[in-house]
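Welcome! Please take a moment to look over the sequence and the 3D structure before reading on.

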Amino acid sequence: MTAELGPARMRRLAAMFRDLGCALLHDAAPAHAKIIDPAIRCRTPGRIAVGPVFPVSTANDMLPCLQALHQAPPGWVIFISNTADLSDALAGDIFVTACKQRGLSGLIVQGAVRDLAALRELGFPVFSSEVTYVSAKTAKVPAAEVPETLALGSSTLAPGDWIFADADGVLALPDRYVSAVMR
């Protein structure tokens with residue numbers, strides 16, 4: 001995890017991203033922008049997520065999600081990739097409240113979340129590819145590695161890559177390119 005994260009850098013990049021958005025970032029650096037699952041949508045309208053990414057994978061088991069919640073540094077964005085064929089909800093109002101209390105900058109789930117009405121009230125950026133009221137029931141199988149590098153289609157999402165999420169979608173940039181692309 002190599003991302004330099006100071007409060008000033010975080011505020012500066014978040015403010016710049018509010019003016020730019022995913023579309024312009026991708027236009028500025030298509031060779032470096034990693035397109036993340038186009039099915040992922042904002043579940044908390046008007047919110048954006050910006051920060052170094054803390055990726056973890058699971059197969060409908062909450063333990064890796066809880067490991068990420070416990071280990072992710074403040075200001076980072078947790079990215080959960082559910083590898084199960086049919087996703088149970090890996091986050092809802094309780095998990096998102098904990099993310100907010102830990103000072104994280106967002107939650108992105110390649111899989112399902114729940115409690116949408118409550119999530120909108122919390123004022124915390126939540127993105128997911130699915131929604132279901134069926135909650136994940138187990139917390140038995142720990143992640144092999146936390147955080148971990150995830151293979152997402154033709155690209156990878158590595159710990160410390162910067163992730164940007166808005167109403168248009170989600171993209172990531174390796175930390176070494178973020179400042180240049182934002183300028």
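The notes below describe a predicted model.

## The nonpolar cores

A good place to begin is the largest nonpolar core, which has 27 residues. Within this core, Ile78, Ile80, Phe95, Val96 and Leu107 touch the most other members. Several elements each supply at least two of its residues: the strands β3 (49–58), β4 (77–82) and β5 (106–113), and the helices α2 (62–71), α3 (93–101) and α4 (116–122). A second core, separate from this one, has 16 residues, among them Ala14, Cys22, Ala29 and Val181. In soluble globular proteins, nonpolar side chains tend to be buried together.

For a closer look, try Ile80. Leaving aside neighbours within four places in sequence, Ile80 is in contact with Val56, Thr58, Cys65, Leu90, Phe95, Leu107, Ile108, Val109 and Gln110.

## Two sides of helix α5

Now find helix α5, residues 175–182, where Asp175, Val178, Val181 and Met182 are buried. These four lie on the same side of α5, because they cover an arc of only 105 degrees around the axis. Arg176 and Ala180, on the other side of α5, are exposed. The cover over the buried residues of α5 includes α1 (7–28), β9 (162–166) and β10 (169–173).

## Ser105 in its loop

Last, visit Ser105, in the loop between α3 and β5. Ser105 has a relative accessible area of 17%, so it counts as buried, the cut-off being under 20%. Its side chain reaches the backbone oxygen of Gly75 at 2.8 Å. Beyond its neighbours within four places in sequence, Ser105 is in contact with residues including Met10, Val50, Trp76, Phe124 and Pro125.

Methods
Residues numbered from 1 in each chain as written. Predicted model: local features only at pLDDT ≥ 70, side-chain atom pairs only at ≥ 80, totals over all residues. Heavy atoms only, no water. Core = buried A, V, L, I, M, F, W, Y, C linked by side-chain atoms within 4.5 Å. Buried < 20%, exposed > 50% of the residue type's maximum accessible area, 1.4 Å probe, protein only. Contact = heavy atoms within 4.5 Å. Arc of directions from axis to C-beta. Polar contact = N/O pair within 3.5 Å; in protein donor to acceptor, adjacent residues only side chain to side chain.
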